[in-house]
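Hi everyone, thanks for coming. I'd like to walk you through a structure that is new to most of us, so please have a look at it while I talk.

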Amino acid sequence: AVQLKRRGRFEEARGLWSRVAQESLDATQALLARLALAECELLDNLSSGRMALELILAQVPAVADPLQREHIEAQTLSGLVDNLVFAGNMAAARHHAGLLRPLMPRLRVDDRIHACEVLIELAMREPDIAAAWSLLAQVKLLAPNNPSTLSFEGQIHWFAGNALAARDAFDALLANHPAYCSGLT
């Protein structure tokens, strides 16, 4: 399903995740599949995606393995922060961000990068540009070559009111990662 999603074959990925969620005898695996489905739902409908994430968050304490539990909780909280920022519910986004931050030092690199990125989205809109730059510095240490790193750099410059620096970052993004830019648009 993950490979299908990476190839843009979302409906097929959703179908596989649905099967895993319904048929798996492993509760953690089923919950991870429901999380993937909720993340897909966020692309179609913010409200129903948020409700799906909230249901998953309520089920996280039942995961026996502490590492898996933190992984699922962090992914779910990251999804909620992202969703709530884009829905304009900053108070709820701040609340979930407060639950996410203490988990970050123990997260796998990909989960930590994702958490930093959603926290950057929140920080830019607060606006707390200093916090956004601090989070971007963490991302640069973890994933200096990710195209999203340049994208966030441009966005932070833009939110800070520095249009020329934003343009330079976006120009570098377009020059170095044209496929990523095409995917965004």
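**The largest pocket and two helix pairs**

Let's begin with open space: the largest pocket holds about 1800 Å³. Before going on, please keep in mind that this is a predicted model.

Who lines that pocket? There are 37 lining residues, and those nearest the centre are Lys5, Glu39, Asp82, His114 and Glu117. Several helices take part, each giving two or more residues to the lining: H1 (2–6), H2 (10–23), H3 (27–44), H5 (66–87), H7 (109–125), H9 (147–159) and H11 (178–184). Which of them gives the most? That is H3, with 8 residues. As for the character of the lining, 18 of its residues are nonpolar, 10 are polar and 9 are charged.

Now to helix packing. In general, two packed helices are described by the angle between their axes and the distance between those axes.

My first pair is H4, residues 46–59, and H5. Their axes are 10 Å apart, and the helices pack at an angle of about 150°. Parallel or antiparallel, then? With angles over 145 degrees counting as roughly antiparallel, H4 is therefore roughly antiparallel to H5. The crossing of these two is left-handed. If you want to find the contact on screen, look on the H4 side for Leu46, Arg50, Leu53, Glu54, Ile56 and Leu57. Their partners in H5 include Ile72, Thr76, Leu80 and Phe86. Sorted by class, the contact of H4 with H5 has 10 nonpolar, 3 polar and 3 charged residues.

The second pair is H8, residues 129–142, with H9. Here the axes come within 10 Å and cross at roughly 170°, so H8 and H9 are also roughly antiparallel to each other. Their crossing is left-handed. From H8, the contact uses Ile129, Ala132, Trp133, Leu136, Val139 and Lys140, while H9 brings Thr149, Phe152, Glu153, Ile156, His157 and Phe159. In this contact of H8 with H9, 8 residues are nonpolar, 2 polar and 2 charged.

One last stop, on the backbone. Where does Pro127 sit? You'll find Pro127 in the loop between H7 and H8. The peptide bond joining Glu126 and Pro127 is cis, with omega about -15°.

To tie the parts together, H5 and H9 each appear twice in this talk: both give residues to the pocket lining, H5 packs with H4, and H9 packs with H8. Thanks for listening!

How values were computed
Residues numbered from 1 in each chain as written. Predicted model: local features only at pLDDT ≥ 70, side-chain atom pairs only at ≥ 80, totals over all residues. Heavy atoms only, no water. 1 Å grid on protein atoms, 1.4 Å probe; cavity = no way out; pocket = protein on both sides within 12 Å on 5 of 7 lines; lining within 4 Å. Points joined across faces, edges and corners; volume = space filled by probe spheres on them. Helix = DSSP H or I, 4+ residues; strand = E, 2+ residues; numbered from the N terminus. Nonpolar A, V, L, I, M, F, W, Y, C, P; charged D, E, K, R; others polar. Axes fitted to C-alpha atoms, helices over the stretch in contact; angles between N-to-C directions. Parallel < 35°, antiparallel > 145°, perpendicular 65-115°, else oblique. Left-handed = near helix turned anticlockwise from the far one by under 90°. Contact = heavy atoms within 4.5 Å.
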